[in-house]
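Trainee: I am new to this structure and would like a careful look at a single part of it. Please choose one element and describe how it is placed among its surroundings.

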Amino acid sequence: MIFDRNEKKDVIALLGAGSMGTAIVRKIAAGKKILLGDISEANLEKTARDFRYCGYDAETCVVDATKKESVEAFAEKAASLGDVKYFIDTAGASPNQASPEHIVNLDMLGTGYAVDAFGKVMAAGGAGLIISSQAGYMYPFPYEAEQEILSAPTEELMNVSIVKEVALQNSGLAYMIAKHVNHLQAMKAAATSWKARRARINTISPGVIVTPLAYDEFAANGDGYQEMIDASAAGRTGTSDEIAEAAAFLLGGHAGFITGTDLLIDGGVIPAIRTGVYQLRG
Ligand SMILES: NC(=O)c1ccc[n+]([C@@H]2O[C@H](COP(=O)([O-])OP(=O)(O)OC[C@H]3O[C@@H](n4cnc5c(N)ncnc54)[C@H](O)[C@@H]3O)[C@@H](O)[C@H]2O)c1
């Protein structure tokens, strides 16, 4: 059966086909071509089937976000399918899932490879979204360190002093720094490579969102997360669907004047920390 007679469809590329990523794509996918990229073939197969059973047009591509060539091949595959109007990057590992080296490689360098690669294929009027984290607000980043990051090409980010001297100390610091670097990566691309293609790019920094990744965090540091939830204005965890609502706005036409910025969606955790109402453990 032919479900859709339209031959030319805008392409949505999703890197990291996990909980938040698929919730975001589902919000915007009607009538579009979805390209799902993930390191796990089993996850790709299951996720693509779920999309197809809901009437969406989904293809898959195995991609390792920590490998530049793999990410570039993913971007080229997306471009071969049509106009790449949307790029969403949610590939990431959290502090209790991985070593500092892996977090820096995946959450920081991998995002850089993706922003660079899609900065060569985005269609005019397109929009990108990187899922960062509230953790990107937790380390007091000196102005000089931000400038050093903004002026370094992706390949040289490992040599930037804050990455060499602070991020590699432990997985928590690696995550905070990588996620703040994501804000700067989007800001820089918005002003340079993505600007040149007339495409926008932003980040969302979610707070505690219940997903399999978050369950790994709760298992390792349940008391710390409970305190954080209790100290927040919302007094609860968030859901991938709430992130997807905001993502759909940032990716859509109503956000045409928004680029190079971050939207913090944390139920009020960072306001509690910044005002001293709540002090982060250790
Ligand atoms: N869940 C939360 O509370 C929370 C809060 C803030 C930020 N985040 C961030 O949101 C993003 C999405 O997290 P989620 O909660 O949806 O988790 P998730 O585990 O459901 O999704 C992450 C996906 O990334 C994929 N992935 C892992 N390594 C990869 C690699 N090398 N190449 C390609 N794909 C890879 C995984 O297979 C998985 O499908 C992550 O970057 C995470 O750091 C999550």
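Mentor: Two strands pair if DSSP finds at least two bridges between them, and the strands themselves are DSSP runs of E with at least two residues, while helices are runs of H or I with at least four, both numbered from the N terminus. What you see is a predicted model, in which local features need pLDDT of at least 70 and side-chain atom pairs count only at pLDDT 80 or more, whereas totals for chains, interfaces and linings use all residues. Residues are numbered from 1 along each chain as its sequence is written.

The part I would choose is strand β2, residues 33-38. On one side, six bridges join β2 to strand β3 (residues 57-62), and the two run parallel. Within this pairing, Asp38 stands opposite Val62 in β3, and Gly37 stands opposite Cys61. β2 also pairs with strand β1 (residues 11-15), again in the parallel sense, over five bridges, and here Lys33 is the bridge partner of Val11.

Helices take part in the connections too. β1, α1 and β2 make a right-handed β-α-β unit, and β2 goes on to make another right-handed unit with helix α2 (residues 41-53) and β3. Right-handed here describes a crossover whose path from the first strand over the helix to the second runs clockwise when the strands point away from the viewer.

How enclosed is strand β2? Six of its six residues are buried, so the strand is largely enclosed by the rest of the structure; buried is the word for a residue with 20 or more other C-beta atoms within 10 Å of its own, exposed for 12 or fewer and partly exposed for those in between, with C-beta atoms placed from the backbone. Lys33, Leu35 and Gly37 point one way from β2, Ile34, Leu36 and Asp38 point the other way, and all are buried.

Two of these residues, Leu35 and Gly37, are in contact with Ala13, which also contacts Ala78, Val84 and Phe87 once its neighbours within four places in sequence are left aside; contact asks for C-beta atoms, placed from the backbone, within 7 Å. Ile34 and Ala13 are among the residues with the most contacts inside the largest nonpolar core, which has 83 residues. Its largest share, twelve residues, comes from helix α7 (residues 171-191). Such a core is a set of buried Ala, Val, Leu, Ile, Met, Phe, Trp, Tyr and Cys residues joined through C-beta atoms within 7 Å. In soluble globular proteins, nonpolar side chains tend to be buried together.

Two other places offer a contrast. Asn6, in the segment before β1, counts as exposed because it has 9 C-beta neighbours inside 10 Å. Ala255 lies in the loop between α10 (240-251) and β7 (262-265), and with 17 other C-beta atoms within 10 Å it is partly exposed. From Val62, the residue opposite Asp38, Ala255 is 193 residues away in sequence and 31 Å away in space, C-alpha to C-alpha.

Definitions and conventions: Two residues are in contact if their C-beta atoms, placed from the backbone, lie within 7 Å.
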